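Dear colleague,

I am passing on to you the structure that you will find just below, together with its sequence. My notes on what was found in it follow, and I hope they help you to find your way around.

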Amino acid sequence: PHLPNPWDLIVRNAEEKVAAGELEDAQVALRAAYQESHQKVEVALELANVLVMLKRFDEAEQILAKVKMADQNERFQQVKAALALAQEAQKAPEIMKLEEQLALAPEDGELRYQLAMQYSQHDYKKEALDLLYALISKDLNFNAGEAKKMYLDIIATMGKGDPVAVSAQRKLYNLIY
């Protein structure tokens, strides 16, 4: 009972990775610690904070939503505020313009492809993957295979163990095979 929890060391290592700018590695480590700790609040808040830095707002929101009212301390409020600020400032003007154009012409594959490219450049990887999957599910060789290539490149940048990447990979393999 006097030994530190096994996930405490993982969290400390993840904090060092965050300080070094290795956010993807930190996120993977914190996910493991989050599961191993049975979703302890301290680990949840660190994971949510890293997810905000990675612009994965939906995932951060889901984790914060699981924090009980009694555990909503000052650190919780900091992460929640960081999430709110990041969501407010999240979209570049070119993304908003393409989103508006796509809303008017939802079947325009080229617009969808351009928006996916903008999303990937601004670290909205899940959104980019969703748009690209919609394109390649209709035409696997859309834009001379560039859509599939971008889809695979985005997955490759996300790193092993990322649940979004794993899911996207599985969807692509199901489509191909």
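Please keep in mind while reading that this is a predicted model. A convenient place to start is Leu3, which lies in the segment before α1 and is exposed, with a relative accessible area of 73%. Leu3 and Ile176 stand 173 residues apart in sequence, and their C-alpha atoms are 49 Å apart in space.

As for the chain taken as a whole, its secondary structure comes to 10 helices and zero strands, so that reading along the sequence gives the pattern α-α-α-α-α-α-α-α-α-α. Taken along the principal axes, the C-alpha atoms fill a box of roughly 60 × 35 × 30 Å, and buried residues make up 40% of the 177 residues in the chain. Where contacts join residues at least 6 apart in sequence, 52% of them join residues at least 24 apart.

Next comes the loop between α2 (23–36) and α3, where His38 is found and where Gln39 also has its place. Most residues other than glycine have a negative phi, yet the phi of His38 is positive, near 60 degrees, and the phi of Gln39 is likewise positive, near 65 degrees. In accessibility, His38 is exposed, with a relative accessible area of 70%, whereas Gln39, at 37% relative accessibility, counts as partly exposed.

Following that loop we come to helix α3, which covers residues 41–53. The helix has 13 residues and reaches 18 Å from its first C-alpha to its last, which is close to the 18 Å expected at 1.5 Å a residue. It is mostly covered, since 11 of its 13 residues are buried, and these buried residues are Val41, Val43, Ala44, Leu45, Glu46, Leu47, Ala48, Asn49, Val50, Leu51 and Val52. Just after α3, Lys55 takes a positive phi of about 65 degrees.

Why does Glu46, a residue of helix α3, count as buried? Its relative accessible area is 17%, and because buried means under 20% relative accessible area, Glu46 falls into that class. If residues up to four places away in sequence are not counted, Glu46 touches Val11, Glu15, Leu30 and Arg75.

One of those partners, Val11, has its place in helix α1 (residues 6–19) and is itself buried, with a relative accessible area of 11%. Leaving aside its neighbours within four places in sequence, Val11 is in contact with Leu30, Ala33, Val43 and Glu46, so that Leu30 appears in the contact list of Val11 and in that of Glu46. Val11 and Ala32, for their part, are 21 residues apart in sequence and 9.7 Å apart in space, C-alpha to C-alpha.

Two pairs of helices further along the chain also deserve a description. In the pair formed by helix α6 (residues 93–104) and helix α7 (residues 109–121), the axes come within 10 Å and cross at roughly 155 degrees. With angles over 145 degrees counting as roughly antiparallel, α6 and α7 are therefore roughly antiparallel to each other, and their crossing is left-handed. On the side of α6, the residues that meet α7 are Glu94, Ile95, Leu98, Glu99, Gln101 and Leu102, while those of α7 that meet them are Leu111, Arg112, Gln114, Leu115, Gln118 and Tyr119. By class, this contact of α6 with α7 has six nonpolar, three polar and three charged residues.

How are helix α8 (residues 125–138) and helix α10 (residues 163–176) set with respect to each other, and at roughly what angle do their axes cross? The axes come within 11 Å and cross at roughly 5 degrees, which makes α8 roughly parallel to α10, given that angles under 35 degrees count as roughly parallel. Lys126, Leu129, Asp130, Tyr133, Ile136 and Ser137 in α8 meet Val164, Ala168, Lys171, Leu172 and Leu175 in α10, and the residues of this contact divide into seven nonpolar, one polar and three charged.

With best wishes

Terms used. Residues numbered from 1 in each chain as written. Predicted model: local features only at pLDDT ≥ 70, side-chain atom pairs only at ≥ 80, totals over all residues. Heavy atoms only, no water. Helix = DSSP H or I, 4+ residues; strand = E, 2+ residues; numbered from the N terminus. Buried < 20%, exposed > 50% of the residue type's maximum accessible area, 1.4 Å probe, protein only. Contact = heavy atoms within 4.5 Å. Axes fitted to C-alpha atoms, helices over the stretch in contact; angles between N-to-C directions. Parallel < 35°, antiparallel > 145°, perpendicular 65-115°, else oblique. Left-handed = near helix turned anticlockwise from the far one by under 90°. Nonpolar A, V, L, I, M, F, W, Y, C, P; charged D, E, K, R; others polar. Expected span 1.5 Å × (residues − 1).
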